[in-house]
Amino acid sequence: MAEPAHDPDRRPAPTVWPGSAYPLGATYDGAGTNFSLFSEVADAVDLCLIDRDGSEVRVPLTEVDGHVWHAYLPTVVPGQRYGYRVHGPFEPETGHRCDPSKLLLDPYGKAFDGSFDGDRSLTTFGADSLGHTMTTVVINPFFDWASDRAPKRPYHETVIYEAHVKGMTATHPGVPEELRGTYAGLAHPAVIDHLTALGVTAIELMPVHQFLHDQILIDQGLRNYWGYNTFGFLAPHGEYSSAAKASGAVAEFKAMVRSFHAAGIEVILDVVYNHTAEGNHHGPTICFRGIDNAAYYRLDDDDPELYRDYTGTGNSLNARHPHTLQLIMDSLRYWVTEMHVDGFRFDLASTLARELHDVDRLSAFFDLVQQDPVVSQVKLIAEPWDVGEGGYQVGNFPGLWTEWNGKYRDTVRDYWRGQPATLGEFASRLTGSSDLYESTGRRPSASINFVTAHDGFTLTDLVSYDEKHNQANGEDNKDGESHNRSWNCGVEGPTDDPAILELRARQRRNILGTLMLSQGTPMLAHGDEIGRTQLGNNNVYCQDSPLSWMDWSMVESNADLLEFTRRAIALRTAHPVFRRRRFFEGKPTRSGEQARDIAWLTPAGVEMTPEDWGSGFGKSLAAFLNGDAIAEPNGRGERVVDDSFLLCFNAHDQSLEFTVPADGTDAHWMAVLDTASPTGLSDAVVGGGASLKVEARSLTVLRRVS
């Protein structure tokens, strides 16, 4: 049954049994391996077993059930390299691009070996790509998870830390050099200790699915650092593994997750199901394009030779097709059940929700996620936009989902840089964005609050640059967002001016303090806690270099900022009034005015009026949070009682006197966080009805003490 290619005497043809159509991919059961591949368009499929010297043995797959081609090879064990050759129509004008000269990767591959060398065979019909492309590798699925348990931390207790596997550890002095830039390095105690001391509860990893480095970047001496160019939806990226064997990445990733769980930290993956690394119609044929182009991709209705591109990458995955949907759902379940991850952040999630053209909350993808007993139970975070028409969908995802709240990011940036007429919007974002999420039955935690992320300025750059400086990317500074809502505090970039440096430091603390004291689920971008800079580059997707890596020497040079961040997170963690499960009512929840859960005050201590909210020049306000008026019970059904706080926000360029509430008792107010102080410490104490000076462009948090 097996047809050897190249040298027929190299090894005997393998034994081939019919096997099973399910599960898809290569599945080793302890004795042999089942191979299964979907292709509706194929006329024939060859399984290609690749030896270490590059020779190939072709095994025709003669069993086909429901367009799934399959066989069981009892002699194939983990470590075997393989691929497929798919015979069928090459008719680009009708959307079909089969080319048996291409060695194709398994869409369900769990490990890959080798590299792409940019050879013309990857893009030229009839040219054999063997030796110029990667190969898929059979893995050993068995792993000792020991006593691993998912932390299962509720959203309202979650603090997310967005990180890059390599960027976090490439220069860490406490991580052994051979482990830097790897899963093992990320799980090293030196890194985990930093995260636990910081107070984060979940690490959100930028793409770790196997991805491809764009040839255009390689030709310029650059690399696809971020990894948003994936093709292996079930495989951990091999370059992040310290293991000698390609299949070792799987076990190393699992060990990393186990270590994070032992520290009480959840692992969330940034996943890219909206497009693949094959790009547009000029891109390489490495997998989906050659297996079943029309099934896996959204094609142009008027010209099927072209792709619909809602992602800005050249193609969009066809989430309307049942087998493509199956691939996405099988991938998600695999990462939960086999790799033990705790949730997903979906890149450009609006693309997955497009039925015909428009984004549809009732799309098949949302239906499948809602009904899936595994996927529906983990954290699901949407980046609720894409680059297509109508793609901006903040607030419009179904009830099961949380969302990156782009409006929170924009509003907090605008408020602290002194933009006019921001008070009302700022108050809404500070209290969980009920205008976006309450109508869908969601709670404040549906808002993933962030001010900086991988895409855009770091926190330090946000307060140091008015303009992007992306010249290093080789695109004449045309790439990246041009409207950043940033403010350089008076000088563009580096400066020795002590007044500007102090203002920038205070602005960083203002943003971090606001983030941690807002209702919702906060997300911190890696390195912001120690002042990481990209020197004004707001799009380091191609910069695999010290420009994008963490500089761990800043732990010492910016020790005050690190201490402030820890203090702000600890304040949030200690007090449920900052992480309520339900939205504020803004009115008495029991008899008496003291039962109001929130009140908005002017610096003079009087309640805000519609005129105050609409004032274009207003830049200051106070929020009274009543810890005795939390309506929702805790997990045991018990009433939650907390301290009461007064948050005094002053984005004005002059200091202001804030009058604190008086309740006729001997209670006084103690400062617990002050962004005018480098570490947030303050010894200020003020009595009820008295006033407190809040420095220009600063935030002071007062706790009521009886």
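Here is a short back-and-forth about the salt bridges, sheets and helices of this predicted model.

User: Before we dig in, which pLDDT cut-offs apply here?
Analyst: Residues count from 1 along each chain as its sequence is written, and side-chain values use heavy atoms, with hydrogens and water left out. The model is predicted, totals for chains, interfaces and linings use all residues, and the cut-offs are pLDDT of at least 70 for local features and pLDDT 80 or more for side-chain atom pairs.

User: How many salt bridges turn up in the whole structure?
Analyst: The criterion is a side-chain nitrogen of Lys or Arg within 4 Å of a carboxyl oxygen of Asp or Glu. Searching the whole structure that way, the number of salt bridges is 32.

User: Take Asp 597 and its salt bridge with Arg 580: is Asp 597 buried or exposed?
Analyst: The closest N and O atoms of this pair are 3.6 Å apart. Both residues sit in the loop between helix H15 (559-574) and strand S23 (598-601), 17 residues apart; helices (H or I, at least four residues) and strands (E, at least two) are DSSP runs numbered from the N terminus. Burial goes by relative accessible area with a 1.4 Å probe and protein chains only: buried is under 20%, exposed over 50%, partly exposed in between. Arg 580 is buried at 3%, and because its relative accessibility is 0%, Asp 597 is buried.

User: Which residue forms a salt bridge with Arg 639?
Analyst: The closest N and O atoms come to 2.9 Å. Arg 639 and its partner both lie in the loop between strand S24 (620-625) and strand S25 (645-650), 11 residues apart. That partner counts as partly exposed at 34% relative accessibility, and it is Asp 628.

User: How many residues apart are Arg 704 and Asp 663?
Analyst: Their side chains meet in a salt bridge at 2.3 Å, N to O. Arg 704 counts as partly exposed at 24%, and Asp 663 is partly exposed too, at 31%. Arg 704 belongs to strand S30 (residues 698-705), while Asp 663 is in the loop between strand S26 (656-659) and strand S27 (668-674), which puts the pair at 41 residues apart.

User: Which strands stand at the edges of the open sheet S2-S3-S7-S6?
Analyst: This is an open sheet of four strands with antiparallel pairing, where two strands pair if DSSP finds at least two bridges between them. The twist averages 25 degrees from one strand to the next; such angles run from 0 to 180 degrees between N-to-C directions, with axes as lines fitted to C-alpha atoms, for helices over the stretch in contact. Each edge strand has a single partner, so one side of it is left without a neighbour in the sheet, and the two are S2 (25-28) and S6 (63-65).

User: And what is the bridge partner of Gly 25 in S3?
Analyst: S2 and strand S3 (residues 33-38) run antiparallel and are joined by four bridges. Across in S3, the partner of Gly 25 is Ser 36.

User: What is the order of the strands in the barrel?
Analyst: Eight strands close up here, with parallel pairing. Neighbours in this sheet are turned by 30 degrees against each other on average, direction ignored. One of the pairs is strand S20 (residues 402-404) with strand S21 (residues 447-449), parallel over two bridges. The barrel order is S13-S14-S17-S18-S19-S20-S21-S22.

User: How many nonpolar residues are in the contact of H7 with H8?
Analyst: The axes of helix H7 (residues 322-337) and helix H8 (residues 364-371) come within 11 Å and cross at roughly 35 degrees. Leu 325, Ile 328 and Met 329 in H7 meet Ala 364, Phe 365, Leu 368 and Val 369 in H8, contact being heavy atoms within 4.5 Å. Ala, Val, Leu, Ile, Met, Phe, Trp, Tyr, Cys and Pro count as nonpolar, Asp, Glu, Lys and Arg as charged, and the others, Gly among them, as polar. None of the contact residues is polar or charged, and the nonpolar ones number seven.

User: How many of the eight residues of helix H10 are buried?
Analyst: H10 spans residues 423-430 and is largely enclosed by the rest of the structure. Among its buried residues are Leu 423, Phe 426 and Arg 429. The helix counts as largely enclosed because the number of buried residues is six.
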